[in-house]
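These are my notebook entries on a single protein chain. I set out to look up its fold, its surface and its charged contacts.

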Amino acid sequence: DQKNTINHLKDELEEARQELQNKENEWNMHQDQCPLLNQDIAKEVEDKRKAEIRRYQIGSQQMDASMGKMVQENKDLEDERDDLKERLSTQTSQIEQRNVEIDKLREELEKIKASDNKK
């Protein structure tokens with residue numbers, strides 16, 4: 001009976017040792033894969049995060065540059081439009097002034113013709 005108890009305890013001890021070995025193996029695998037415990041994995045995760053941040057920063061810079069270019073092009077077009085409006089206004093004013101001068105010259109011509117016809 002005592003021999004059975006000893007054998008049973010030996011079996012339990014062997015099972016406990018086996019379970020301990022399994023838990024140690026699990027822990028070692030966990031240490032190898034856990035970024036909090038494995039510096040290489042932690043560095044790899046950090047490098048990936050930094051690379052992603054850089055991609056977003058570059059994209060943001062490109063978008064800022066593109067927006068700046070579009071704003072400048074829009075301002076240039078507005079300036080060109082304003083210049084064209086000013087030129088049109090100036091030319092319209094000049095045409096109106098010439099029309100007034102032509103009308104005066106016609107009136108004078110009509111007066112001259114009328115006075116020549118009276119003679």
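**Salt bridges in helix α2**

I began with Arg 106 and Asp 103, which both lie in helix α2, three residues apart, about one turn of the helix. The model is a predicted one. I found a salt bridge between Arg 106 and Asp 103, with the closest N and O atoms 4.0 Å apart. I noted Arg 106 as exposed because its relative accessibility is 54%, over the 50% cut-off. Asp 103, at 40% relative accessibility, I noted as partly exposed.

I then asked which residues are joined into one network by salt bridges that share partners. They are Glu 46, Arg 49 and Lys 50. I took the two contacts of Glu 46 in turn.

- Arg 49 and Glu 46 meet through their side chains in a salt bridge, at 2.7 Å from N to O. Both residues lie in helix α2, three residues apart, about one turn of the helix.
- Lys 50 and Glu 46 also meet through their side chains in a salt bridge, at 4.0 Å from N to O. This pair lies in helix α2 as well, four residues apart, which is again about one turn of the helix.

I recorded the accessibility of each member of the network. Glu 46 has a relative accessible area of 27% and is therefore partly exposed. Arg 49 is partly exposed, at 42%. Lys 50 is partly exposed too, with a relative accessible area of 40%. The count of salt bridges comes to seven.

**Overall form of the chain**

I turned next to the secondary structure of the protein chain, which comes to two helices and zero strands. The radius of gyration is 48 Å, well over the 14 Å that the globule rule gives for 119 residues, so the chain is more spread out than a compact globule. I also looked up the box filled by the C-alpha atoms: along the principal axes, the box is roughly 165 × 25 × 10 Å.

How many of the 119 residues count as buried, as a percentage? The figure I obtained is 2%. The chain exposes about 11500 Å², and carbon and sulfur atoms supply 52% of that area.

**Distances along helix α2**

I chose two residues of helix α2 and followed each to a partner further along the chain. Lys 43 is found in helix α2, and I noted it as exposed because its relative accessibility is 51%. The C-alpha atoms of Lys 43 and Glu 80 are separated by 54 Å, the two residues being 37 residues apart along the chain.

Ser 60 lies in helix α2 and is partly exposed at 37% relative accessibility. From Ser 60 to Gln 97 I read 55 Å, C-alpha to C-alpha, for 37 residues apart in sequence.

**Surface patches**

I looked for a nonpolar patch on the surface and found one formed by Trp 27, Leu 36 and Leu 37. Together these residues have about 370 Å² of accessible area. I then asked where Leu 37 is placed. Leu 37 is in the loop between α1 (2–33) and α2 (39–118). Its relative accessibility is 42%, so I recorded Leu 37 as partly exposed.

I found a patch of negative charge on the surface as well, where Asp 11, Glu 12, Glu 14, Glu 15 and Glu 19 gather. Of these I followed up Glu 14, which is found in helix α1. Glu 14 has a relative accessible area of 44% and is therefore partly exposed.

**Charges of the whole chain**

My last entry concerns the balance of charge. The protein chain has 22 positive and 30 negative charges. I looked up how far apart their mean positions are, and the separation is 10 Å.

Key
Residues are numbered from 1 along each chain as its sequence is written. This is a predicted model: local features need pLDDT of at least 70, side-chain atom pairs count only at pLDDT 80 or more; totals for chains, interfaces and linings use all residues. Side-chain values use heavy atoms; hydrogens and water are left out. Patches are made of residues with over 30% relative accessible area and no salt bridge: like charges are joined within 9 Å, nonpolar side chains (Val, Leu, Ile, Met, Phe, Trp, Tyr) within 5 Å. Accessible areas come from the Shrake-Rupley method with a 1.4 Å probe; for residues, only the protein chains shown count as cover. Buried means under 20% relative accessible area, exposed over 50%, partly exposed in between (1.4 Å probe, protein chains only). Lys and Arg count as positive and Asp and Glu as negative; His and the chain ends are not counted. The place of a charge is taken as NZ of Lys, CZ of Arg, CG of Asp or CD of Glu. The radius of gyration is taken over C-alpha atoms; the globule rule is 2.2 Å times the number of residues to the power 0.38.
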